[in-house]
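Me: I would like to go through this structure with you and ask, for each label, what justifies it.

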Amino acid sequence: MNTFMTKTLVIASHPNYQHSLSQRFFAESAKIPDVTLHFLDQLDQFILADELALLADCDRLILQFPLYWYSVPAKMKAWIDTIWTEAKPLLTGKEIGFAISTGVAAKEFQLGGNEQISFNEILRPQLRMAQKYHMTVLPLIVLDQFMYKTETQKRRFVVDYQQLLTMPYPFSFDQKQQWFADRLHSLIEVKPQLAPLLTQLEENRELIQDLDEALDSLEESL
C-alpha cells in the first residue's frame, strides 16, 4: 500500500460561492484526508501571517475558481496581490495546479472554438507566477457546464479532481492504479464486499507489469 501522502491546500474563490452548485460540488469532492479547503470569500480581509502559515504547511497548492471574464475573480486577485511576493520562500519548488469552472463547454476554448482562446492563454499570468518560483505545474482540470453533467460524468470528475489533489506527480498510469488500490484498501474496511475489486485490480496491475517487462526485454534484443 502506498504510504506517500501529499498535503494539499486549495485556495478557492467564487463571487457567489454560497449559491454556486459547481463550487459546492468542488467543496464536497475535496473532503478527503490531507486536503485543506480555504475559501477566500468568507474573509473580510487577509491576515498575511495566517495566509503564509497555510502555504508553509502544504506540499501542493491548488487555485480553484470560476472563469470570471477570462480571469480570476476579484477576491483571488486581491489574495495574490497581498501574499504572493511574501510567499516566495514558502512556494519555491512546490507544486501548483488549477481547477476552474465555466458555463461554456470546454471544447470552445481551443483553436476553432467559439471562444477563440485556450485555457493556457487565459492562465498565462498565473503560469508565469508559478514559473517565477520554479513551481511544478500540474495538469489543468476543468468543470464545464456542471448543470448538464450526467451522474456518471460527475462521478468521473470527482475521481479526476481527487487525483489532482492527492496523487503523486507525474500522474502516470501506474500511479493511477496505485491511487485506486489505496482507496479500495480504505473502503474495504467499511465495505468488505469491495474486496474482489481490489483483487482484480492488483491482478491486472501485475499482468500489465509483466507485459511491460516483456516489451523491455524484446526491445533490448532488437
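**Labels and their grounds**

Reply: Asp34 is a good place to begin, being partly exposed with a relative accessible area of 34%, and the model in which this value was computed is a predicted one.

Me: What makes "partly exposed" the right term for Asp34?

Reply: Buried would require under 20% and exposed over 50%, and the 34% of Asp34 falls in between, so Asp34 is partly exposed. Asp34 sits in the loop between α1 (21-29) and β2 (35-39), and this residue, although not a glycine, has a positive phi of about 65 degrees.

Me: How do you know which class of exposure Gln145 belongs to?

Reply: The relative accessibility of Gln145 is 29%, and because that value lies between the limits of 20% and 50%, Gln145 counts as partly exposed. Gln145 is placed in the loop between β6 (141-144) and α7, and its phi, near 50 degrees, is positive in a residue other than glycine.

Me: Why is Thr36 called partly exposed?

Reply: With a relative accessible area of 40%, Thr36 is above the 20% limit for buried and below the 50% limit for exposed, and is therefore partly exposed. Thr36 belongs to strand β2, and, leaving aside residues up to four places away in sequence, it touches Thr8, Leu9 and Val10. The C-alpha atoms of Thr36 and Leu54 are 8.8 Å apart in space, while the two residues are 18 residues apart in sequence.

Me: Why are helices α7 and α8 described as roughly perpendicular?

Reply: Helix α7 (residues 151-166) and helix α8 (residues 173-188) pack at an angle of about 100 degrees, with their axes 11 Å apart. Because an angle of 65 to 115 degrees counts as roughly perpendicular, α7 is roughly perpendicular to α8.

Me: Which residues make the contact between α7 and α8?

Reply: Val159, Gln162, Gln163 and Thr166 in α7 meet Lys176, Trp179, Phe180 and Arg183 in α8, and by class this contact has 3 nonpolar, 3 polar and 2 charged residues. The loop between these two helices holds Pro170, and the peptide bond from Tyr169 to Pro170 is cis, with omega near 20 degrees.

Me: How do you know what to call the arrangement of α2 and α3?

Reply: The axes of helix α2 (residues 48-56) and helix α3 (residues 74-83) come within 10 Å and cross at roughly 90 degrees. That angle lies in the range from 65 to 115 degrees, so α2 is roughly perpendicular to α3. Leu48, Glu51, Leu52 and Leu55 in α2 meet Trp79, Thr82 and Ile83 in α3, and the residues of this contact divide into 5 nonpolar, 1 polar and 1 charged.

Me: What lines the second largest pocket?

Reply: Its lining consists of 14 residues, of which His14, Ser22, Ser101, Thr102 and Gly103 lie nearest the centre of the pocket, and α1 and β4 (95-102) are the elements that give two or more residues to this lining. The lining divides into 7 nonpolar, 7 polar and no charged residues, and about 180 Å³ of space lies in the pocket.

Me: How many helices and strands does the protein chain have, and what share of its residues is buried?

Reply: The protein chain has 9 helices and 6 strands, and buried residues make up 43% of its 222 residues.

Definitions and conventions. Residues numbered from 1 in each chain as written. Predicted model: local features only at pLDDT ≥ 70, side-chain atom pairs only at ≥ 80, totals over all residues. Heavy atoms only, no water. Axes fitted to C-alpha atoms, helices over the stretch in contact; angles between N-to-C directions. Helix = DSSP H or I, 4+ residues; strand = E, 2+ residues; numbered from the N terminus. Parallel < 35°, antiparallel > 145°, perpendicular 65-115°, else oblique. Contact = heavy atoms within 4.5 Å. Nonpolar A, V, L, I, M, F, W, Y, C, P; charged D, E, K, R; others polar. Buried < 20%, exposed > 50% of the residue type's maximum accessible area, 1.4 Å probe, protein only. 1 Å grid on protein atoms, 1.4 Å probe; cavity = no way out; pocket = protein on both sides within 12 Å on 5 of 7 lines; lining within 4 Å. Points joined across faces, edges and corners; volume = space filled by probe spheres on them.
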